[in-house]
Amino acid sequence: MAPPRPPSLPKMAAGSRAPPLGGGPKMAGGGESERGPEPEQVVEALELLLRPPAGPGPEDALRPETLRSNAAALEERLQRVAGWAALRGLRRAVLARAPALAVGVAGDAEPGWAAACGLLALLLCLKERLVALAALPAARGAGPGNAPPPSADTLSVGQGRAVGRALRAAVGLGLAPYLPPGVGQRPGPPAPSPLPPATRGARLHAVTTALAELAQHPALGTPLLARHLGLLLAGLCLLGHGPAPHSEGVSEAERTRCREALRHILDRVYQPLAVRELLILQGRPKQSPPSPGEETKPALARAPAWLRRLCGQLLSERLMRPSGVQAVVRGIMEGTGGGTGAEAAAVDWRKCDMVAKILASCPQQCLSLEDYYRLVCPQILDLLHIEDKLTARQFQRVATTTLLTMAKEHPQLAEKHLLQPLLAPLLRCSETAELAVEDLSAGTVLVTEAELGSCVEDVLKVYVVGNDSSSLLLGSLQSVLGVVFSLYSFAKQNVSYLRSPCQEILLWFLEKSEREASLAVLEGFAGLNSSVHVLHPQCRFRAGGEGGAAIVVEETISDEDEALYQKVSSEQCRVESLVELLSHCQKSGLAGDFFIHCLKALTCVAAEDEEDSKLAAVPGGSLLELERYHAGQRRKLLVLQLVATLCENVSDTVFTDVAQVEEFVAATLQRACVSPARGPGAAAEAQTLAMAMGLVAAMLGGAVQLQSGDFAVLKRLVPLLEELSRTYPEPLTQELAADLRIAICTHGAFSPGTVGAAADGVLGKKPGTGAQSPAGIASGAPSPGGGRAPARHGHSSPSAPREGSEEQSVSHEPGTTGTAPAPCADSPAPAGLQELLVSAYDPQPPSRAAALRHLSSLITQRDPEALQLQEKLLQVFLENVQHEDAFVYLSAIQGVALLSSEYPEQILPVLLARYRCPVQGTEDTAAAITRMKLGEVLMRVTRALGDMVFKHREPLVQAFLQGARDPDGALRASSLSNLGELCQRLGFQLGSIVQEVTSCLTAIAKTDPEAEVRRAAVHVVVLLLRGLSEKATEVLRDVLRDLYRLLKHVVVAEPDGATVLHAQLALEELDAVMRRVLFPPQALEKKIVVLP
């Protein structure tokens, strides 16, 4: 395609009708172009005109007297030197077609305007000569192995530098002084000019027209547009679209040609550069505050309203062009300089969001919103595929934010033009898609490997990284979720990089959806319902050569046995993949809910067995009934297979709270009530029922710490236990059901022996070997159950009342009366120490705390019998640290600290391991609280060790840094507080870890969403400076500048007042340190020297 023809430029004279300057290479006088001056001579004339003054001063400072002397020297050389006659004639011809420039060169104008006219005249001469030289026949090519010679119109490096200086001087002397304030964004107030408006308009038109003509030549236009595009656009905008007073002396035809030249230049230049210059011309909005670091810069005059409107229209036109979206994004986001600058721009999410809002808003020039979406949306999706690593993050964030904004503002159009094209490769092979006849041949590739991989990565960027759980996005993703799961199952069996992104997409949907929708989708994955659209039955995945996968039409299998095998193996693989996916959902409780859901479905299967068998036995059934029967049987087999696989893989850790356990037990009890154990599977059913009831008994016996709300949940089992105690055929099961009902109703106050025996059976203990309650041990009377179940996560209450005991008439709260397992009676500890160990598990907090403090005093006294049992004492203290009573856990913390100070080599690794990894099975809140208590223990040990803490510096710092990245905000703040005190005590011994600590503090103080955590991070800096004092300049010399910048950033940008106060205190501390270092106090000393 031929390049667009440039518009005819405005005429140079204000009142004449001379032809435009771009009339062609021919000069006045016929063939004079071939006898004209060489480009070197024109460049020499430019250098003569810009010769710097001989005296001292900046090289670029051209004073008026210097300009006059240079112009006189040039005129003298043109008139007297014979070799310059050709240049004199060429300049005369150029000035004849530009009367305004001729007047400036020959008249008594001010030196600046005269110099600008002279420079522009010479530059136009150079342009004419370069055009003439380019029209000459090409020179003979170089020989083999030699570089081709440059073209005749090529400028050398030195000549290009001289031309650049001339352009800069011409723009600075001839264009910038005549632009009104706010047009061109010149800093400071405008220079006063006594010229009348007509003269100013004529001069501005002459210079702008000459520069526009120079911009048409590649050798001259490239430096001009690269460095002075903004001022040139400002001049053309003012002449073509500005108010009439600013363009006096310019005719309407000339203004029209200026508008055409403006359009031509904007269409010709690099579009991101055009966008950037238009944004600069448009200026900052009125309400926009200055950016950080710009407060001290000179204030820029605000652009006038007509210029802001014009720039907005021109920017909208840039956006509506092909590839306009990328041009706008690059124009705003480029210029970071690469490296760390690009990374910093990627982090600047405000800038990306601002660009996204611009793209999501339909400009006024577009008459139809749908037309705008049809034009822009494909370009937005293309932003996701930028390959440049430095800008990919910026473009992806802009594309994601734009898509989400459009989905919120216009969901129907966004779904049509954004989401459906995004998901098109997955929708094309879904079971709801209608395949064309030409695509049904075996081996046809429906989706290529590159297309499928790009689609999955785009879905990950938009849905998972964008993390917007709106109904539109969830609904659109659910339409292809079955295909994504099939791809995940395929990638799980093969070596493919698509496994991880598919897994993240599936987990994100399951986490963000409502629980009912997530369960329905999981059933769809298993094939139990049709809530998701799986892969088309005629399609299959095929491994790709680049580690991905392609979707092809599979061949029809004629062998029935082979087809059956393929179907069974695919279902088995699908179930295994589903279980693997559920193993990542246990923390949220989704795996437990789905397991219970499958158990309830299994109960329905048991209830329908007898009815289905009767239906199958009826002779003469219709084909529809037979088909329903086979579909029901297939569903039952899937349920059984799914439950079996779940029990085999995730059943031991599937439940996260008491409510899920109750639902599991309720499903089992209901199945036993509906279908009592009979026939060949009676033993397995009875064993399952015994396990469920034993699980309830173990909870009542102290395996978990039950709260009052937990008993309210367990009371839902009372009707089922009552029915089971009346209808179940096995007497022992009836008795256990009745006893469990009584224990639940009494909140564990009355627990018959059968409950304890069932709990021991589940927990794998022999009856009678459990730990007795503390009161029972003291009186020598065993509990009726004969034993107790060991506590896993908390404390238990006495299983049965004793005659004459005060506990018989007291209703205990589970949270305060629970006990953890006491040491066994056959422990090798002495009797007195054994009593203390037993009392450490007393249900009453005062007795327990007193025992813990007594044990701590034994450690302080270095009692040999107590120190021999350091492991058992550590276990007792750590279990009591988890107690909810402050008197108890503080006593336990003191004991652990004393024990650790005595044996740091043995105890500290255990404490650090527990601090890093909480106990499995505990709730997040409880685990965070326990880790904060352990952090207090570690700090007490640090204080006790003193200077010896240096030996354990690295594991302590690593543990606290790991805690600073915990999802729990309170734990992050606690870890930072501990880190600050540790660094304060280490002092000179910080060493190389100061870099890691500083990076962590900087990241948290700038990015953490919780104010308390940011406050703690800044407080660490305060403690660090306060602890090091004068040593801060030595210890922190590599990071002191980073800490100072962090504190200044917090003072300027932090919204939390307390955090700002901490930062100000740190700056004051740093100021005091630096003053003491730079200005040490003068001490008056008297010295007595004894001479020899």
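## Exercises on a predicted model

S1029 is found in the loop that runs between α45 and α46 (1032–1035); the model on which these exercises rest is a predicted one.

**Exercise 1.** Determine which residues S1029 is in contact with, leaving aside its neighbours within four places in sequence.

*Solution.* Start with the surroundings of the residue: S1029 has a relative accessible area of 21% and is therefore partly exposed, given that buried means under 20%. Next, once the neighbours within four places in sequence are left aside, the contacts of S1029 are V1073 and R1076. Finally, take the second of these partners: S1029 and R1076 are 47 residues apart in sequence, whereas their C-alpha atoms are 9.3 Å apart in space.

**Exercise 2.** Find the residues that form a nonpolar patch on the surface, and establish whether L1078 is buried or exposed.

*Solution.* The patch is formed by V1077, L1078 and F1079, which together have about 320 Å² of accessible area. Within this group, L1078 has its place in helix α48, which spans residues 1057–1078. With a relative accessibility of 55%, L1078 counts as exposed, because the cut-off for that class is over 50%.

**Exercise 3.** Work out which parts of the chain are tied together by the salt bridge of K416 and E370, and which by that of D1056 and R1015.

*Solution.* Begin with the distance in the first pair: the side chains of K416 and E370 meet in a salt bridge at 2.8 Å, N to O. K416 lies in helix α17 (residues 411–422) and E370 in helix α15 (residues 369–382), so this pair ties together parts that are 46 residues apart in sequence. As to accessibility, K416 is partly exposed at 44%, and E370 is likewise partly exposed, at 26%. These two residues also belong to a network of salt bridges in which E370, D371, R374 and K416 are linked.

Turn then to the second pair, D1056 and R1015, which form a salt bridge whose closest N and O atoms are 3.3 Å apart. Since D1056 lies in the loop between α47 (1040–1053) and α48, and R1015 in helix α45 (residues 1011–1028), the pair ties together parts that are 41 residues apart in sequence. Here D1056 is buried, with a relative accessible area of 16%, while R1015 counts as partly exposed at 27%.

**Exercise 4.** Describe the salt bridge of E252 and R259, and state how many salt bridges are counted in the structure.

*Solution.* The side chains of E252 and R259 meet at 3.4 Å, N to O, which satisfies the cut-off because a salt bridge requires these atoms to be within 4 Å. E252 counts as exposed at 51% relative accessibility, whereas R259 is partly exposed at 23%. For the whole structure the count comes to 26 salt bridges.

**Exercise 5.** Identify the residues that touch the most other members of the largest nonpolar core, and name residues of the second core.

*Solution.* The largest nonpolar core holds 203 residues, and those touching the most other members are M406, Y463 and F525. For F525, leaving aside neighbours within four places in sequence, the contacts are L481, G482, F485, L506, V532, R574, L578 and L581. A second, separate core has 82 residues, among them V881, V941, A1005 and V1050.

**Exercise 6.** State how many disulfides the structure holds, and whether C125 and C585 are buried or exposed.

*Solution.* The structure holds zero disulfides. C125 is buried, with a relative accessible area of 0%, and C585 is buried at 5%.

Key
Residues numbered from 1 in each chain as written. Predicted model: local features only at pLDDT ≥ 70, side-chain atom pairs only at ≥ 80, totals over all residues. Heavy atoms only, no water. Patch = residues over 30% accessible without salt bridge, like charges linked within 9 Å, V, L, I, M, F, W, Y side chains within 5 Å. Areas by Shrake-Rupley, 256 points an atom, 1.4 Å probe, with all protein chains shown as cover. Helix = DSSP H or I, 4+ residues; strand = E, 2+ residues; numbered from the N terminus. Buried < 20%, exposed > 50% of the residue type's maximum accessible area, 1.4 Å probe, protein only. Disulfide = S-S within 2.5 Å. Contact = heavy atoms within 4.5 Å. Core = buried A, V, L, I, M, F, W, Y, C linked by side-chain atoms within 4.5 Å.
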